[in-house]
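User: Please take a close look at one part of this model, the surroundings of its pockets, and connect it to the rest of the chain. I would like one continuous answer.

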Amino acid sequence: MLAAGVVILAANVVVVAGQVVHYPPVASNINNITFALSGNGAPGIFNSSTTPDAQYGTYNWCNMPHVRLREYKQPPKRYSLEYVEVIQRHHKRTPYASNTFFKEDVAWSCDKAGATFGSTSPSGPGSKVSPVQWQTYTDSQNPWTNSVGPGFPGSSCQFPQITSEGLEDSITHGSDLRSVYASRLGLGSKIDPATASIRVTTNVITSQVASGLVAGLFPSSKSDDTIVNVQSATYDSLEPTYSCNTASNLRSDYTTGSSGAVWQAHLAEAAKVYAQLDKVSGIATQDSAGWHSSFDHYYDNLSAKQCHGKSLPCSLNYTSVCVSQELANTVYRLGNWEYSYLYRDAPASAKYSALRYGAWVLELRGHLQDQVNKKSKLKYVHNIAHDGSMSALLGFLQVEQMAWPGMGSEVDLYMNLAKPTQLKMLLTTDCIRTLQHQ
């Protein structure tokens, strides 16, 4: 389960002589390239949001484990829960348009399940407007309709958008969090901005998840009660969207640059895997859209289908040529290897993550310090983000075993202390000061 206490912030990011110290993750099948290429089976559940109770905690790409009452371990009575901050990835969705084939052989409908939008005023006629719902359509008179490719022909979906199933997972996620934290923090059934805050990114899919999360977490809240926080797309720390050339150059160096031998070797070793996938998708071997610079595109395409009970794709030109389950499992193993390498195994990954996600961690530090100084009445803060957010945070924390954070993956950071002075000690360690010097 992806979960963490605030103590981790002081334990895993260490600086010596101005440099972030990298602690390699444990060796496992996840970061073993031989197993990723020629092993067997999927590295978890990829075909259902449901994980049997006896297996809860198992990696489930479609709906990752999160805090819920059944598994929650109550700390000793001398401790009291003072503050919780949660960060999670959005729940399951359609694939991104950039991850779809030129023309798909399966249908994907989102009728009456589109994102809702609107604007509102604090008073007057504008306070009583109705939200509108998006539903994609095509018009044969528009000459540009087929200029890029129809993807999923005749689909009413946006690519991406949270699906009906993903929305249901969001509601359950909120309900489970409520069962653990509401009574312990004194949260009501209606969201109170003085004690609880929800934050999203400018990507609409995080707001779609927020609508479900709030329904479960604060079941008495109305739409006009729910105001979520969002930063400007120019400097949003949650996604993150701010520019950091030092971080970008560092990652480029250990993937495509002078330190990229390991990354380039895994792509070369996976050439036969790509060849099988390309026969189905029709993607050119020398494409310019990144289909062969990582397994990101294929991983998203195949997993989105399987999480929603759809069949694996077949070639439109040679209908007997299909992606087998074995081939899909290989893609999933390779995708997890890649994320482990990018955020944990590469020697420069710790510094990359600290640079890439340091702004959000500094904000977290401020929230915790405000609690220590009793400057804030907030008890609960919930951030809805993306896989890139979760990966960078887990890389910053230098988790023991890294995997690609699946849908709904969650990290909980909390004040659960007997004496607030203990937190003051943690917050003055080098791990926090380092961020201010990078």
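Analyst: What follows starts from the second largest pocket, goes on to the largest pocket, and ends with a few local features elsewhere.

The model is predicted. The second largest pocket has a volume of about 670 Å³. Its lining comprises 31 residues, and those closest to the pocket centre are Arg251, Asp296, Tyr339, Tyr343 and Asp387. Several helices contribute: H6 (261-269), H8 (296-307), H9 (325-345), H10 (349-372) and H11 (387-397) each give at least two residues to this lining. By class, the lining of the second largest pocket splits into eleven nonpolar, eleven polar and nine charged residues.

Tyr339, one of the residues closest to the centre of that pocket, is also part of an aromatic pair. Tyr339 and Trp404 are stacked, with 4.1 Å between ring centres and 10 degrees between the planes. Tyr339 belongs to helix H9, while Trp404 sits in the loop between H11 and strand E8 (410-417), so the pair ties together parts that are 65 residues apart in sequence. Both Tyr339 and Trp404 are buried. The loop that holds Trp404 also holds Gln398. Gln398 is not a glycine, yet has a positive phi of about 55 degrees. Its relative accessible area is 6%, so Gln398 counts as buried.

Two other residues closest to the centre of the second largest pocket, Arg251 and Tyr343, are in contact with Tyr352. Tyr352 is in helix H10 and is buried, with a relative accessible area of 7%. Leaving aside neighbours within four places in sequence, the contacts of Tyr352 are Ala247, Leu250, Arg251, Tyr254 and Tyr343. The C-alpha atoms of Tyr352 and Val20 are separated by 9.4 Å, although these residues are 332 residues apart along the chain.

Lys374 lies in the loop between H10 and strand E7 (380-385). Lys374 has a positive phi of about 55 degrees and is not a glycine. Most residues other than glycine have a negative phi. With a relative accessibility of 72%, Lys374 is exposed, whereas Gln398 is buried.

The largest pocket holds about 1300 Å³ of space. Its lining has 38 residues, and Thr116, Phe117, Pro131, Ser223 and Thr226 lie nearest the centre. Strand E4 (116-117), helix H3 and helix H4 (204-217) are the elements that give two or more residues to this lining. H4 gives the most, with seven residues. The lining of the largest pocket has 17 nonpolar, 18 polar and three charged residues.

H3, one of the elements in that lining, leads back to the loop that precedes this helix. Ser156 lies in the loop between strand E5 (132-133) and helix H3 (164-185). Because its relative accessible area is 7%, and buried means under 20%, Ser156 counts as buried. Its side chain makes a polar contact of 2.7 Å with the side chain of Asp111 and reaches the backbone nitrogen of Cys110 at 2.8 Å. Not counting residues up to four places away in sequence, Ser156 touches Trp108, Ser109, Cys110, Asp111, Gln135, Thr136 and Gln161. Pro160 is in the loop between E5 and H3 as well, and a cis peptide bond with omega of about 15 degrees joins Phe159 and Pro160. A cis bond also runs from Glu239 to Pro240, with omega near -10 degrees; Pro240 is in the loop between H4 and helix H5 (245-253). Most peptide bonds are trans.

Helix H3 also takes part in an aromatic pair. Across the whole structure there are 27 aromatic pairs. Among them, Tyr72 and Tyr181 are edge-to-face, at 6.4 Å centre to centre with 80 degrees between the planes. Tyr72 is in the loop between helix H2 (33-38) and strand E3 (80-89) and Tyr181 is in helix H3, so the pair ties together parts that are 109 residues apart in sequence. Tyr181 is buried at 4% relative accessibility, while Tyr72 is partly exposed at 22%.

Helix H2 contains Ser38. Ser38 is exposed, with a relative accessible area of 57%, and its side chain reaches the backbone oxygen of Thr34 at 2.8 Å.

Terms used: Residues numbered from 1 in each chain as written. Predicted model: local features only at pLDDT ≥ 70, side-chain atom pairs only at ≥ 80, totals over all residues. Heavy atoms only, no water. Helix = DSSP H or I, 4+ residues; strand = E, 2+ residues; numbered from the N terminus. Buried < 20%, exposed > 50% of the residue type's maximum accessible area, 1.4 Å probe, protein only. Polar contact = N/O pair within 3.5 Å; in protein donor to acceptor, adjacent residues only side chain to side chain. Contact = heavy atoms within 4.5 Å. 1 Å grid on protein atoms, 1.4 Å probe; cavity = no way out; pocket = protein on both sides within 12 Å on 5 of 7 lines; lining within 4 Å. Points joined across faces, edges and corners; volume = space filled by probe spheres on them. Nonpolar A, V, L, I, M, F, W, Y, C, P; charged D, E, K, R; others polar. Phe/Tyr/Trp six-rings, centres within 6.5 Å; stacked < 30°, edge-to-face > 60°.
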